[in-house]
Amino acid sequence: MKIQESKIKKYSGETFNVTKTNKVSRMTFSNGDWLENKEYYGKVFLGDCDSCGSISKLYKDFVFDKILIAGLGMGLLPNYAKHIKNCSVIDVIEKNKEVIEYVDYLDDSINIIEADAYSYVPLKKYDLIIFDLWWIEKDVTLKIQKSLKKQYKEYLEDNGKIIFPLINK
């Protein structure tokens, strides 16, 4: 589920810009990375895409209600978790204050926490913790994955999952 386009404003800031082309919003960061307000993003990353290979297999027979998302972006994952997956707890970690202030169009029940995912200590347990922090998969080393899994493991409910949505994994 994408964000309603009328809620997304054009923006030019220090760390990112938001433009609209053919009525589709695009958030472009200062390093050149970008994402668009498209339907497929939540479907793929939260397991509702049967033809999406290994990512959808991670969600087979897995039900979640309480989710922690590392990385806010345009808010596509928390929006999808709220309105399609009907999650009752949606916490999002984001360290970029400018992004947090910009993304003011999400449902008020979505809790955005200004923090760095590498040092944040959760206050509760989750069924699903998903790390949507990187744009280039080669930057997500096995060492980083192991470190984050170790750090967050105790904040998982029984049978909970930590997912790094990487195409090559």
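## Close-up views of a predicted model

**View 1. Ser12 and its partner across the strands.** Ser12 has Asn17 as its bridge partner in strand 2. This is a predicted model, so treat each view here as a computed picture. Strand 1 and strand 2 (residues 16-21) run antiparallel and are joined by two bridges. Strands of a sheet pair through backbone hydrogen bonds, either parallel or antiparallel.

**View 2. The open sheet with its edges.** Step back from Ser12 and you find an open sheet of four strands, paired antiparallel in the order 1-2-3-4. Which strands stand at the edges? They are strand 1 (11-12) and strand 4 (34-36); each has a single partner strand, so one side of each is left without a neighbour in the sheet.

**View 3. Inside the largest nonpolar core.** This core has 37 residues, and the ones touching the most other members are Leu46, Tyr59 and Ile67. Plenty of elements chip in at least two residues each, including strand 2, strand 3 (24-29), helix 1 (40-45) and strand 5 (66-70). Which helix gives the largest share? That's helix 3, with four residues. Apart from this core lies another one, made of 18 residues, with Val89, Ala115, Val140 and Tyr152 among them.

**View 4. Ile67 and the residues around it.** Zoom in on Ile67, leaving aside residues up to four places away in sequence, and you'll see it touching Leu46, Ala81, Cys87, Val89, Ile90, Asp91, Tyr126, Leu128 and Ile130. Keep Asp91 in mind for the next view.

**View 5. Asp91, a buried residue with a salt bridge.** Asp91 lies in strand 6. Is Asp91 buried or exposed? Its relative accessibility is 3%, so Asp91 counts as buried, the cut-off being under 20%. The Asp91 side chain makes a polar contact with the side chain of Asn111, at 3.2 Å. Not counting residues up to four places away in sequence, the contacts of Asp91 include Ile67, Leu68, Ile69 and Ile113. Asp91 also forms a salt bridge with Lys124, and their closest N and O atoms are 2.9 Å apart. Lys124 sits in the loop between strand 7 and strand 8, while Asp91 is in strand 6, so this pair ties together parts 33 residues apart in sequence. Unlike buried Asp91, Lys124 is partly exposed, with a relative accessible area of 36%.

**View 6. Lys9 meets Asp104.** The whole structure holds ten salt bridges, and here the side chains of Lys9 and Asp104 meet in a salt bridge at 3.2 Å, N to O. The two partners come from distant parts of the chain, 95 residues apart: Lys9 is in the segment before strand 1, and Asp104 is in the loop between helix 4 and strand 7 (111-114). Lys9 counts as partly exposed at 41% relative accessibility, whereas Asp104 is exposed, with a relative accessible area of 52%.

**View 7. A little network around Glu36.** The side chains of Glu36 and Lys38 meet in a salt bridge, 3.9 Å from N to O. Lys38 is partly exposed, with a relative accessible area of 29%. Which residues are joined into one network? Salt bridges that share partners link Arg26, Glu36 and Lys38.

**View 8. Lys143 out in the open.** Lys143 has its place in helix 5 (residues 142-152). Its relative accessible area is 68%, so Lys143 is exposed, the cut-off being over 50%. From Lys143 to Val121 is 22 residues in sequence and 19 Å in space, C-alpha to C-alpha.

Key: Residues numbered from 1 in each chain as written. Predicted model: local features only at pLDDT ≥ 70, side-chain atom pairs only at ≥ 80, totals over all residues. Heavy atoms only, no water. Buried < 20%, exposed > 50% of the residue type's maximum accessible area, 1.4 Å probe, protein only. Pairing = 2+ DSSP bridges. Core = buried A, V, L, I, M, F, W, Y, C linked by side-chain atoms within 4.5 Å. Contact = heavy atoms within 4.5 Å. Polar contact = N/O pair within 3.5 Å; in protein donor to acceptor, adjacent residues only side chain to side chain. Salt bridge = Lys/Arg side-chain N within 4 Å of Asp/Glu carboxyl O.
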